[in-house]
Amino acid sequence: MKISIGNDHAGPEYKKAIVAMLKAKGYEVTNYGTDSEDSVDYPDFGHPVATDVSEGKADFGIVICGSGNGIAMTANKHQKVRAGLCWTKEIAYLTRLHNDANIVSIPARFTSIPQAVEIVETFLTTAFEGGRHQNRVDKISC
């Protein structure tokens with residue numbers, strides 16, 4: 001499975017831990033994130049991840065910023081992208097199960113690194129339920 005990941009200055013340590021877990025599980029990872037805590041603009045790291053997912057170059061994406069909101073908003077501007085802001089594994093589970101999200105957005109300032117890794121693991125191992133949820137998902141795109 002191919003995963004694209006991007007983060008701003010709030011997420012380098014989160015990204016390192018997540019990428020280590022992904023590689024240990026055999027995922028192919030494309031890294032668009034910064035490795036520095038120097039201030040940068042989150043759209044510069046969210047757009048490449050969303051482009052990969054939108055164009056089918058990645059199966060899923062992971063984006064990380066301080067609140068998780070700005071980078072999720074950025075990703076959601078792309079066609080075929082459904083980025084869900086997840087701060088617990090339960091929300092990650094539901095955003096895949098009910099919303100067929102293909103990008104998980106992590107709020108680094110509101111989760112711990114172990115929580116973030118758990119969120120990503122849950123997100124990537126949960127299948128979309130379909131059924132009554134498919135009709136709703138079909139209505140998301142403009």
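Let's start at I106, in a model that is predicted. If we leave aside neighbours within four places in sequence, I106 is in contact with I18, I62, V63, I64, C65, G68, C86, T111, A116, I119 and V120. Keep some of those names in mind, please, since a few of them come back.

So which core goes with that? The largest nonpolar core has 25 residues. I106 is among the residues with the most contacts inside this core, together with I18, L22, I62 and V120. Which elements each supply at least two residues of this core? They are the strands β1 (2-7), β3 (60-65) and β5 (103-107), and the helices α1 (12-24) and α5. The biggest contribution to this core comes from α5, with six residues. There is also a second, separate core, made of 11 residues, and V63, A75, V81 and I103 are included there. As general background for both, nonpolar side chains in soluble globular proteins tend to be buried together.

Now, α5 deserves a longer look, and I'd like to take its helix partners one by one.

Here is α1 with α5. The two helices pack at an angle of about 45 degrees, and their axes are 9 Å apart. Because of that angle, α1 is oblique to α5. The crossing in which α1 passes α5 is right-handed. Who makes the contact? From α1 we have E13, Y14, A17, I18, M21 and L22, and from α5 we have I113, A116, V117, V120, E121 and L124. If you sort the residues of this contact by type, you get 10 nonpolar, no polar and two charged. I18, L22 and V120, which sit in this contact, also belong to the residues with the most contacts inside the largest nonpolar core.

Next partner, α4. Helix α4 covers residues 89-97 and helix α5 covers residues 113-125, and they pack at an angle of about 25 degrees with axes 8 Å apart. That angle is why α4 is described as roughly parallel to α5. Again the crossing is right-handed, with α4 passing α5. On the α4 side the residues are K89, A92, Y93, T95 and R96, and they meet E118, I119, T122 and F123 in α5. What is the make-up of the contact of α4 with α5? Its residues divide into four nonpolar, two polar and three charged. For those of you following I106, I119 from this contact is also on the list of residues that I106 touches.

Let me leave the helices and finish with some loops, where the backbone may interest you.

K80 lies in the loop between α3 (69-75) and β4 (83-85). K80 is not a glycine, and still its phi is positive, about 70 degrees. Is K80 buried or exposed? Its relative accessibility is 58%, so K80 counts as exposed.

D100 gives us another positive phi in a residue other than glycine, this time near 50 degrees. You will find D100 in the loop between α4 and β5.

That loop between α4 and β5 also holds N99. At 36% relative accessibility, N99 counts as partly exposed. Leaving aside neighbours within four places in sequence, N99 is in contact with R82, L94, F128 and V137. And how far is N99 from G11, C-alpha to C-alpha? The separation is 25 Å, for two residues that are 88 residues apart along the chain.

That's my tour, and I'm happy to take questions!

Conventions: Residues numbered from 1 in each chain as written. Predicted model: local features only at pLDDT ≥ 70, side-chain atom pairs only at ≥ 80, totals over all residues. Heavy atoms only, no water. Axes fitted to C-alpha atoms, helices over the stretch in contact; angles between N-to-C directions. Helix = DSSP H or I, 4+ residues; strand = E, 2+ residues; numbered from the N terminus. Parallel < 35°, antiparallel > 145°, perpendicular 65-115°, else oblique. Left-handed = near helix turned anticlockwise from the far one by under 90°. Contact = heavy atoms within 4.5 Å. Nonpolar A, V, L, I, M, F, W, Y, C, P; charged D, E, K, R; others polar. Core = buried A, V, L, I, M, F, W, Y, C linked by side-chain atoms within 4.5 Å. Buried < 20%, exposed > 50% of the residue type's maximum accessible area, 1.4 Å probe, protein only.
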